Amino acid sequence: MIRFFLPLIILLSPTLFILWGAIVRVGLTWSLLLIPVGGIVGFVLMAIAGACFYDFMIKLEDRETGPPESGAIGAATGRAIVSFIWMILLGWIGSGLGAWLVTGYWVK
């Protein structure tokens with residue numbers, strides 16, 4: 001049964017995987033409540049970093065090719081979709097990093 005749920009936990013969120021490892025290591029304590037908070041903060045900060053990075057890439061592209069025409073819905077929609085993909089991908093990585101940092105420094 002654990003062979004089915006372990007990959008699912010890893011794919012859903014690295015925060016859950018880190019929380020599960022911390023519970024196994026130290027048991028149930030109040031300091032474990034900081035792990036999801038670190039995951040949320042890491043997700044938000046890295047999502048903002050992903051949006052800023054993609055905005056920087058768009059500005060470089062617009063400098064080279066010029067901005068899209070006025071009323072070009074496809075360009076704006078495509079840029080919004082790719083921006084959300086960057087935000088979700090880097091946010092997922094950031095949630096794992098935030099949870100890992102909290103576990104390493106505050107959960108003993």
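**Secondary structure.** I looked up the elements first and found 4 helices and 0 strands in the protein. I note that the model is a predicted one. Reading from the N terminus, I recorded the order α-α-α-α.

**Burial and surface.** I then turned to accessibility. Of the 108 residues in the protein, 25% are buried. I obtained an accessible surface of about 7,800 Å² for the protein, and carbon and sulfur atoms hold 77% of that surface.

**Contact separation.** I examined the contacts in the protein with a separation of 6 or more, and 73% of them join residues 24 or more positions apart.

**Nonpolar core.** I listed the members of the largest nonpolar core: Ile18, Leu19, Ala22, Leu32, Ile35, Ala99, Val102 and Val107, 8 residues in all. Helices α2 (14–26) and α4 (73–106) each contribute at least two residues to this core. The largest share, 3 residues, is that of α2.

**Leucine 32.** I followed one of the core residues, Leu32, to its partners. Setting aside neighbours within four places in sequence, I found leucine 32 in contact with Leu19, Ala22, Ile23, Val26, Gly27 and Val107.

**Threonine 15.** I located threonine 15 in helix α2. Is threonine 15 buried or exposed? I entered threonine 15 as buried, because its relative accessibility is 9% and the cut-off for buried is under 20%. Apart from neighbours within four places in sequence, the contacts of threonine 15 are Ile35, Pro36, Gly39, Ser95, Gly96 and Ala99. Among these partners, I marked Ile35 and Ala99, which also appear in the largest nonpolar core.

Methods
Residues are numbered from 1 along each chain as its sequence is written. This is a predicted model: local features need pLDDT of at least 70, side-chain atom pairs count only at pLDDT 80 or more; totals for chains, interfaces and linings use all residues. Side-chain values use heavy atoms; hydrogens and water are left out. Buried means under 20% relative accessible area, exposed over 50%, partly exposed in between (1.4 Å probe, protein chains only). Contact means heavy atoms within 4.5 Å. Accessible areas come from the Shrake-Rupley method with a 1.4 Å probe; for residues, only the protein chains shown count as cover. A nonpolar core is a set of buried Ala, Val, Leu, Ile, Met, Phe, Trp, Tyr and Cys residues joined through side-chain atoms within 4.5 Å.
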